Amino acid sequence: SILTPVLLSLYIKKKSNSNISPVMHAEHSHFWADGLLNFGVLISLVSVYFFQLFWIDSVIGICISFFLLQESYSLFFESFNVLTDKELDENITKEIEKILNNSDEIEGWHAMRTRKSGSEYHIDVHLEFSDDISLKKAHNSSHNIENRIMEKYNNAIILTHFDYRNDVNDVNNKK
């Protein structure tokens, strides 16, 4: 009764990787709490039987309830962020900007918006091309950039918009 929930909890965490969904996080926490609770009962029984430490059961119960409160708090805000389509983490956004800035196929970019919906990353960006580029070449360049982003974030859904390069779009541009 101690090992089974702990092993299930570790299995869920391993299978879910770092991009764990709130549902999987809740299941992980549920099984982990079951294992802790069962271990707490065992420690309490042993402590009372051998050492007459009758208070230990209350202390263990309080410690486990603090763990449950902390996990509930974490799950509440994690679920709230999923429901409200929170913007991607700043480190992820910087990585995407780095990919865009290192793309020789485009003159620049602007108006990037990101959000996380469930386990998917949604990225919307305007790519700037020179006035004389063909639509086919712009399309191929866009796919190349999307593929480089998807290599790093395979759960990304990317929407690109083609713009021509001008001085108005100089905010947030690479060049």
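Contact, in this talk, means heavy atoms within 4.5 Å. Keep that in mind for Ser-141. Ser-141 touches Glu-105 and Phe-129, not counting residues up to four places away in sequence. One caution before I go on: this is a predicted model.

Let me stay with Ser-141 for a moment. Its place is in helix H5. Buried or exposed? The cut-off for buried is under 20% relative accessible area. Ser-141 has 5% relative accessibility, so it counts as buried. Helix H5 itself covers residues 135–152 and lies across E2 and E3. Its direction runs at about 145° to E3.

That takes us to the sheet. The sheet is open, with 3 strands in the order E1-E2-E3 and mixed pairing. Which strands stand at the edges? They are E1, residues 108–117, and E3, residues 156–164. Each has a single partner strand, so one side of each is left without a neighbour in the sheet. Direction ignored, neighbouring strands are turned by 10° against each other on average.

Now the pairings. E1 and E2 are antiparallel, with 8 bridges. Trp-109 has Leu-127 in E2 as its bridge partner. The hairpin of E1 and E2 has 2 residues between the strands. In that hairpin, Gly-118 takes a positive phi near 65°. On the other side of the pairing story, E2, residues 120–129, runs parallel to E3, and 9 bridges join them. Here Val-125 stands opposite Thr-160 in E3. A second helix packs on this sheet: H4, residues 90–101. H4 touches E1 and E2, and its direction makes about 150° with that of E1.

Next, the helices earlier in the chain. Two packed helices are described by the angle between their axes and the distance between the axes. Take H1, residues 3–16, and H2, residues 22–51. They pack at an angle of about 155°, with axes 7 Å apart. That angle makes H1 roughly antiparallel to H2. The crossing of H1 and H2 is left-handed. Who meets whom? From H1, the contact includes Pro-5, Val-6, Leu-8 and Ile-12. From H2, it includes Met-24, Phe-31, Trp-32 and Gly-35. By class, the residues of the contact of H1 with H2 are 8 nonpolar, 5 polar and 3 charged.

H2 also packs with H3, residues 56–83. The axes of H2 and H3 come within 10 Å and cross at roughly 175°. That makes H2 roughly antiparallel to H3. Among the H2 residues in this contact are Trp-32, Leu-36, Leu-37 and Ile-43. Among the H3 residues are Ile-60, Ile-64, Phe-67 and Leu-68. Trp-32 is also listed in the contact of H1 with H2. The residues of the contact of H2 with H3 divide into 14 nonpolar, 7 polar and 3 charged.

One residue of H3 to finish: Ile-56. Which residues is Ile-56 in contact with, leaving aside its neighbours within four places in sequence? Ser-44 and Ser-47. Ile-56 has a relative accessible area of 15%, so it is buried. Last number: the C-alpha atoms of Ile-56 and Ile-2 are separated by 19 Å, and these residues are 54 apart along the chain.

How values were computed: Residues numbered from 1 in each chain as written. Predicted model: local features only at pLDDT ≥ 70, side-chain atom pairs only at ≥ 80, totals over all residues. Heavy atoms only, no water. Axes fitted to C-alpha atoms, helices over the stretch in contact; angles between N-to-C directions. Helix = DSSP H or I, 4+ residues; strand = E, 2+ residues; numbered from the N terminus. Parallel < 35°, antiparallel > 145°, perpendicular 65-115°, else oblique. Left-handed = near helix turned anticlockwise from the far one by under 90°. Nonpolar A, V, L, I, M, F, W, Y, C, P; charged D, E, K, R; others polar. Pairing = 2+ DSSP bridges. Buried < 20%, exposed > 50% of the residue type's maximum accessible area, 1.4 Å probe, protein only.
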